[in-house]
Every structure is written in C-alpha cells, then in structure tokens.
Amino acid sequence: MSRVDEVVVGGGIAGLVLARRLAMAGRKVALLEASDRLGGQLLRIEVAGITVDAGAESFATRGGVVAQLATEIGLGADLVSPLDAPAWLYRDDGSAIALPATSLLGIPGVPLAADVIAAIGTRAAMRAELDVAMPPTVGAKAATLGELVRRRMGSAVLRGLVDPVVRGVHSTSADQLPLERAHPGLRTALLREGSLSHGVLSLRAGAAAGSQVGGIRGGMARLADELIADLELFGVDVRLGARIAFDELTRQRAGDVEGRVVLAAAPPTAGEHRVTIVLLAVDQPALDAAPRGTGMLVATDAPGCARGRSPTSPPSGRGWANRLRGATFCASRTTGTASRTWPMSRAATPRHCSA
Ligand SMILES: Cc1cc2nc3c(=O)[nH]c(=O)nc-3n(C[C@H](O)[C@H](O)[C@H](O)COP(=O)(O)OP(=O)(O)OC[C@H]3O[C@@H](n4cnc5c(N)ncnc54)[C@H](O)[C@@H]3O)c2cc1C
C-alpha cells in the first residue's frame with residue numbers, strides 16, 4: 001500500500017487536468033488509469049498516413065475554458081477556428097442543404113427566412129412561424145428539446161433541422177435529450193423573449209463574437225500530450241492498467257493507494273453501449289473547391305446510411321485539417337439509445353480504413 005495526498009481515478013482529460021492542478025498546488029498525486037494509455041476519449045489515429053482525432057475533434061468556445069487551458073499549457077498559438085460557413089445537412093430524401101444561418105441547434109431564429117423555407121418548405125416554415133403567436137408558456141415545461149421544438153414549431157422543424165444536428169452533436173435524438181443539457185439557457189430565453197425563435201435570436205446575439213467551436217492545429221489529442229508531459233514534470237505517480245473496482249472505493253483509498261480519492265471516471269451504467277468510429281480519407285483534390293462548411297450532418301434515414309447510424313463531424317472544415325490539401329475526412333459514430341452526451345468509448349478499439 002502506498003500513500004499520497006490525492007488519488008485521481010481516471011486518466012481522461014478530466015483526470016489529467018485535475019492531477020496537474022493538484023500537483024501544481026504542491027500536493028503529492030497518484031493517477032490511476034484502467035487502460036494502457038492516458039487521454040480517454042481524446043484519441044488520435046493514423047489514416048492514410050495522416051494523423052487525425054478519432055475522439056473529440058473540436059471544443060465549444062462558450063465560456064472560454066478550453067482555450068484558456070490550451071493557452072496555459074503552451075498551445076495558444078495553435079488554436080484555430082473553423083471555416084466561416086454553415087454546416088450542411090444530408091437529408092432523408094437524398095438532397096443536401098446548408099443549415100439555416102440564423103439558428104441554434106437547428107432551431108431557426110427566423111422561421112420564414114429563405115434558407116429555412118428552402119430547407120423545410122413553405123408550409124412547414126409557416127407552421128414554425130406560429131411560434132411567435134403562442135403564449136410563451138406553451139412548451140415552457142418541456143422535459144426534452146424534442147418536446148419543446150415540436151410544440152412550438154412543429155415536427156417538420158424537429159425532423160428536418162433539429163434532430164440531425166442533435167444526433168451529430170450529442171449522439172442521441174432530440175426527444176431523448178434533456179432540455180437543460182441541450183442548452184441551459186433556452187427555457188429561460190423562451191419565457192423572457194416570448195417565443196422560441198426570439199429566444200434563439202437573443203441567445204445568438206448574447207454569444208461572444210466568433211465561432212461556436214474551436215480546434216487545435218494538429219488535433220485535440222495534443223491537449224492530452226501536453227498535460228501528460230506536465231504530469232511527469234510535476235512528479236505525478238501515473239499507473240496504467242490500474243482498474244479500480246468502484247464498489248471497493250472509499251474516500252481515502254483506491255486500489256492499493258491511500259489518499260483523498262477524486263473520481264474522474266464514471267462507474268459503468270446500464271445504458272452504455274459501444275461507439276464505432278469510422279474514419280475515411282478521400283484523396284480527391286477537386287473537392288477542395290467546394291467545401292461543405294464545417295461538416296455534413298446526416299439524417300438518420302438518409303439514403304446510403306444504415307438505420308440508427310449518425311454520421312457526422314468531418315473535421316475537414318474545422319481549422320487545421322482542411323489545410324491538408326487533397327484529403328477530406330469523414331467521421332461517423334454509430335449510435336443506439338444514448339443515455340447521455342458522448343457515450344463512453346473506452347471499449348472502442350480503433351480500426352481504420354483508408355482510400
Ligand atoms: C467519437 C467522439 C467524438 C467526440 N467529439 C467531441 C467533440 O468534438 N467535442 C467535445 O467537446 N467532446 C467530444 N467528445 C466527448 C469528449 O471526448 C469527452 O466528453 C471527454 O473526452 C470526456 O473526458 P473524461 O475525462 O471526462 O472521460 P474519459 O475520456 O472517458 O476518461 C475516463 C477515463 O477513466 C478511465 N476509467 C474508467 N473506469 C475506470 C476505473 N474503474 N478505474 C480506473 N480508470 C477508469 C477510462 O479508461 C478513461 O481513460 C467526443 C467523444 C467521442 C467518443
């Protein structure tokens with residue numbers, strides 16, 4: 001049995017940040033990680049000789065926390081913004097459209113805007129516009145994002161715009177996504193502004209200028225690299241292959257290490273499932289002339305896509321990867337019924353194909 005001040009369980013980004021902060025504050029720290037590598041869902045993989053992220057590949061700029069961390073660990077000069085262009089949507093009917101410019105999570109801020117009408121048709125856009133005529137209390141108690149959008153703007157907006165975005169970002173359907181997790185300020189904005197579309201406009205206006213997401217040149221896995229280097233510098237006792245049994249944990253002991261225990265790993269839950277990540281490199285320089293904004297979100301029933309699959313987030317438009325000329329990347333996650341955002345991928349063994 002060894003003794004330290006703090007025992008951090010889990011070596012994903014949360015555990016790495018925590019262990020580093022505690023060690024910098026002068027604490028004696030041990031970091032226990034079940035697998036044979038640190039980084040958790042931050043993971044890089046090589047496809048066609050090019051290194052790309054197979055896990056998280058961008059970060060939300062809201063709050064500025066990730067940019068601040070990146071700057072603190074020496075990656076400030078490598079922060080990049082995506083192309084200034086909307087994401088695209090590949091729809092059930094096989095057509096592709098740009099997502100409406102003035103929207104939040106696919107919810108239109110101006111339901112009768114030309115790009116909304118082009119996306120869902122005049123009739124559905126007019127139904128969505130009824131939102132402004134309803135009392136703000138309609139849908140205000142909705143438990144999920146899906147329920148809120150359906151009640152205020154109708155199912156065409158939900159199916160055609162919101163659900164594909166939610167599936168791409170959260171790996172679950174809008175009907176399964178709790179409203180507060182989708183956006184913590186949306187309910188308040190609805191009640192304050194009197195309608196959902198006006199709430200969307202006010203949230204967009206209140207957001208900091210610039211892109212909603214950011215990236216790191218060379219990939220998000222660099223965050224883990226720099227943190228791991230710091231752990232070595234600050235003398236953190238890192239133990240790989242140290243799976244801790246949650247039912248044997250105490251506040252003062254994890255495995256054979258004594259000290260104040262801090263959890264940075266979630267106990268397994270019944271709703272967990274495997275995530276399959278498919279990365280494809282397409283060597284087609286002609287595609288460089290027609291980038292599809294920050295990515296292509298694919299509707300669940302889009303032709304050519306297996307049911308239940310939610311391809312999403314090609315990093316080709318996300319800052320650094322789009323500068324690799326002649327290579328376009330597609331990433332997809334297969335999903336089932338996710339119990340929470342970003343279902344755990346710890347069991348996933350990366351395999352890759354390239355073309
Ligand atoms: C394909 C994919 C794409 C994503 N894209 C994005 C994105 O673009 N932007 C974004 O913000 N987020 C994204 N995410 C989510 C993001 O990667 C995760 O939210 C984040 O990395 C989680 O970090 P964490 O440290 O909390 O957990 P994890 O990274 O899951 O780390 C937990 C660690 O604890 C270890 N562990 C588990 N159980 C035990 C145990 N009993 N004992 C010891 N160790 C244990 C695990 O092995 C793991 O290393 C994505 C996730 C996936 C899977």
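# A tour from the first β-α-β unit outward

Start by selecting β1, α1 and β2, which together make a right-handed β-α-β unit. The model is predicted, and residues are numbered from 1 along the chain.

**The two strands.** Show the backbone of strand β1, residues 2-9, and of strand β2, residues 29-32. These strands pair in the parallel sense over four bridges. Two positions help to line them up: Glu 6 stands opposite Val 29 in β2, and Val 9 has Leu 32 of β2 as its bridge partner.

Now show the side chains of β2. Is this strand covered on one face or on both faces? Both are covered: Val 29 and Leu 31 lie on one side, Ala 30 and Leu 32 on the other, and all of them are buried. In a regular strand, side chains alternate between the two faces of the sheet.

**The rest of the sheet.** Select strand β12, residues 237-239, which runs parallel to β2 and is joined to it by three bridges. Here Leu 31 is placed opposite Val 238 of β12. Then add β14 and β13 to see the open sheet of five strands, in the order β12-β2-β1-β14-β13. Its pairing is mixed. The edges are formed by β12 and by β13 (253-254), each of which pairs on one side only.

**The ligand.** Next, select the ligand and the residues around it. Which residues come nearest? Of the 31 residues around the ligand, they are Gly 10, Gly 12, Gly 40, Ala 56 and Ala 265. Helix α1, residues 13-24, gives the most to this shell, with three residues. Colour the shell by class and you should find 16 nonpolar, 10 polar and five charged residues.

**The largest core.** Move to the largest nonpolar core, which has 40 residues. Leu 105, Leu 145, Val 149, Val 157, Val 162 and Val 166 have the most contacts inside it. The greatest contribution to this core, seven residues, comes from helix α6 (residues 155-170). Apart from this core lies another, of 37 residues, including Val 9, Val 29, Ala 54 and Ala 264.

Centre the view on Val 166. Beyond its neighbours within four places in sequence, Val 166 is in contact with Leu 105, Leu 145, Thr 172, Ser 173, Ala 174 and Leu 177.

**Helix α5.** Select residues 145-153, which form helix α5. Seven of the nine residues in α5 are buried: Leu 145, Gly 146, Leu 148, Val 149, Arg 150, Arg 152 and Met 153. To see what covers the buried residues, add α6 and α7 (179-182), then β10 (107-108), α4 (122-129) and α9 (196-206); these are among the elements involved. Just after α5, look at the backbone of Gly 154, which takes a positive phi of about 100°.

**Last stop: Thr 300.** Select Thr 300, in the loop between β16 (296-298) and β17 (309-312). Why does Thr 300 count as partly exposed? It has 18 other C-beta atoms within 10 Å, whereas a buried residue has 20 or more and an exposed one 12 or fewer. Finally, draw a distance from the C-alpha atom of Thr 300 to that of Gly 168: the separation is 9.9 Å, although the two residues are 132 residues apart along the chain.

Note on methods:
This is a predicted model: local features need pLDDT of at least 70, side-chain atom pairs count only at pLDDT 80 or more; totals for chains, interfaces and linings use all residues. A residue is near a molecule or strand if its C-beta atom, placed from the backbone, lies within 6 Å of it. Ala, Val, Leu, Ile, Met, Phe, Trp, Tyr, Cys and Pro count as nonpolar, Asp, Glu, Lys and Arg as charged, and the others, Gly among them, as polar. A nonpolar core is a set of buried Ala, Val, Leu, Ile, Met, Phe, Trp, Tyr and Cys residues joined through C-beta atoms within 7 Å. Two residues are in contact if their C-beta atoms, placed from the backbone, lie within 7 Å. Two strands pair if DSSP finds at least two bridges between them. A crossover is right-handed if, with the strands pointing away from the viewer, the path from the first strand over the helix to the second runs clockwise.
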